[in-house]
Amino acid sequence: MTTIHPARITKVLPDSIAAEIGFEVGDAIVAINGTRPRDLIDYQFLCADEVLELEVLDATGKTHSLEIEKDYDQDLGLEFETALFDGLIQCNNRCPFCFIDQQPPGKRTSLYFKDDDYRLSFLYGSYLTLTNLPEREWQRIEQMRLSPLYVSVHATEPEVRIRLLKNPRAGQILQQLKWFQKRRLQVHAQVVVCPGINDGEHLEQTLKDLASFHTGEVPTVASVAVVPVGLTRFRPPEDELTPVTREKAKEVISQVQKLSQQFRQKFSSNVAWLADEWFLIAGEELPSESEYEEYPQIDNGVGSIQLFIKQFAAAATELLPSKVYPQRKLTWVVGNAVENAFEPILKRLNSVEGLKVNMRALCSDYWGQSITVTGLLTGHDLLLNLQGQDLGDGILLPNVMLKHGELVFLDDMSIEELACKLETKILPVGGVEDLIKTCILEAVNCSL
């Protein structure tokens with residue numbers, strides 16, 4: 001039996017009900033209307049009532065009882081240190097391509113947690129395999145209508161999926177999709193292609209099987225992302241995996257695009273999309289922005305480059321001045337996978353008089369990858385490539401390189417440590433508007 005811990009508060013939003021009552025950081029919610037919330041899902045469900053009886057534990061350990069009257073669905077204005085109050089449901093698979101197992105030992109503990117928790121999938125879109133759920137959790141998914149979930153399928157043929165996940169329960173995926181279909185619940189699916197294991201005819205079978213669930217008013221499989229396996233120099237030597245070559249990338253692009261055309265004729269949707277990384281590895285042009293429909297797999301790197309370029313163009317028209325003063329010189333660090341795609345953005349930034357941005361597109365020596373997406377660059381990589389160079393007034397650092405909510409890279413180096421070693425400012429940026437505003441920060445906009 002898992003232990004449900006009080007939900008520890010880390011932030012009280014200003015002008016909220018919680019702020020008005022006097023909640024403070026360090027307080028914790030023990031129970032709502034007599035029920036201990038297991039997680040953020042329970043908390044949100046229980047707080048939907050108009051009258052709440054709360055059991056609260058303050059920072060000194062004293063228990064308080066409060067009654068709150070509010071509008072239905074009105075938020076209390078609290079944030080918590082974790083979304084799970086009873087602990088993480090961990091993975092019971094042994095996938096050879098698991099990124100957790102492709103890291104060096106000795107880093108922060110959180111880097112080695114193997115998350116396979118349906119609640120994080122529902123709340124944040126993280127992927128799970130459905131291999132570790134007891135009946136009571138299936139019942140909860142049904143009762144609370146936790147949809148959509150994000151499912152790592154990889155293969156629909158039982159023997160192939162079992163081989164990939166190293167788990168005999170992995171062969172039940174088609175029955176599980178039928179379970180979702182019967183209850184009109186949705187999933188977004190992911191297929192990580194491992195050459196020689198689930199590519200070729202196996203990939204075709206998987207995509208056709210998944211597309212067969214893209215029917216009805218509420219398609220069970222709402223979308224499929226096809227992603228290349230990512231390998232690092234720390235991976236186990238016996239993992240039987242081979243890297244995706246340029247030739248393999250071209251082959252998969254051709255295969256998936258052909259199937260997507262068939263799906264589009266049948267379902268009026270591509271159903272399956274290729275991650276941007278395939279085109280970068282193959283050295284091919286990215287699909288047009290219109291190909292991605294509503295960007296259902298944006299967090300999986302499907303269409304993220306085209307969307308970024310589109311958003312930048314719109315934001316630049318509104319936010320970029322024609323001139324800045326005093327002059328600014330900055331270094332923009334990105335993964336070398338996006339170097340060519342981001343050239344138009346660099347050119348537009350440098351069209352502003354007084355602004356000079358140098359792009360440094362890096363591969364990752366730390367992970368041992370020749371082609372690297374921006375999110376996998378580490379402090380080690382930046383230090384190796386940038387130390388002793390003229391970096392101008394600072395480094396524009398995409399915050400996808402950092403641990404969520406913390407100024408720490410994947411190799412445990414902090415921004416503060418890196419800034420000290422490089423003897424420059426490091427300016428984390430979190431999107432196109434942030435990128436533009438940081439570029440002209442501390443400069444006077446001189447629009448002509």
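The exercises below, each with a worked solution, concern a predicted model.

**Exercise 1. Two helices late in the chain**

Determine at what angle helix 12 and helix 13 pack, and which residues make the contact.

Solution. Begin with the axes: helix 12, residues 379-386, and helix 13, residues 415-422, pack at an angle of about 10°, and their axes are 10 Å apart. Because angles under 35 degrees count as roughly parallel, helix 12 is roughly parallel to helix 13. Next, identify the residues: helix 12 contributes Gly379, Leu382, Leu383 and Leu386, while helix 13 contributes Leu418, Lys421 and Leu422. Finally, sort the residues of this contact by class, which gives five nonpolar, one polar and one charged.

**Exercise 2. Helix 4 against helix 6**

Describe how helix 4 and helix 6 pack, stating the handedness of the crossing and the classes of the residues in contact.

Solution. Take the geometry first: helix 4 (residues 135-143) and helix 6 (residues 173-182) pack at an angle of about 35°, with 11 Å between their axes. The crossing in which helix 4 passes helix 6 is right-handed. Then list the contact, which is made by Trp138, Ile141 and Glu142 from helix 4 together with Gln176, Trp179 and Phe180 from helix 6. Classified, the residues in the contact of helix 4 with helix 6 are four nonpolar, one polar and one charged.

**Exercise 3. Cysteines**

State how many disulfides the model has, and decide whether Cys420 and Cys439 are buried or exposed.

Solution. With the criterion that the two cysteine sulfur atoms lie within 2.5 Å, the count is zero disulfides. For accessibility, the cut-offs are under 20% for buried and over 50% for exposed. Cys420 has a relative accessible area of 60% and is therefore exposed, whereas Cys439, at 0%, is buried.

**Exercise 4. Two loop residues**

Locate Asp117 and Pro219, decide whether each is buried or exposed, and name what each touches beyond four places in sequence.

Solution. Asp117 is in the loop between strand 5 (78-80) and helix 3 (118-124), and its relative accessibility of 1% means that Asp117 counts as buried. Leaving aside residues up to four places away in sequence, Asp117 touches Leu84, Gly87, Leu88, Ile89 and Leu128.

Pro219 belongs to the loop between helix 7 (200-211) and strand 9 (221-228), and Pro219 is buried because its relative accessible area is 16%. With the same exclusion of residues up to four places away, Pro219 touches Gln186, Phe213 and His214. Of these contacts, consider Gln186, which is 33 residues from Pro219 in sequence, yet the C-alpha atoms of the two are 6.7 Å apart in space.

**Exercise 5. Backbone geometry**

Find where the bonds from Ser147 to Pro148 and from Tyr325 to Pro326 lie and whether they are cis or trans, then examine phi at Arg184 and Tyr295.

Solution. As background, most residues other than glycine have a negative phi, and most peptide bonds are trans. The bond from Ser147 to Pro148 is cis, with omega near 0°, and Pro148 is in the loop between helix 4 and strand 7 (149-152). Tyr325 and Pro326 are also joined by a cis peptide bond, with omega about -5°, and Pro326 is placed in strand 11, residues 323-335.

Turning to phi, Arg184 has a positive value near 55°; this residue lies in the loop between helix 6 and strand 8 (187-193) and is partly exposed, with a relative accessible area of 47%. Tyr295 has a positive phi near 50°; Tyr295 is in the loop between helix 9 (276-282) and helix 10 (304-319), and at 12% relative accessibility Tyr295 counts as buried.

Conventions
Residues numbered from 1 in each chain as written. Predicted model: local features only at pLDDT ≥ 70, side-chain atom pairs only at ≥ 80, totals over all residues. Heavy atoms only, no water. Axes fitted to C-alpha atoms, helices over the stretch in contact; angles between N-to-C directions. Parallel < 35°, antiparallel > 145°, perpendicular 65-115°, else oblique. Contact = heavy atoms within 4.5 Å. Nonpolar A, V, L, I, M, F, W, Y, C, P; charged D, E, K, R; others polar. Buried < 20%, exposed > 50% of the residue type's maximum accessible area, 1.4 Å probe, protein only. Left-handed = near helix turned anticlockwise from the far one by under 90°.
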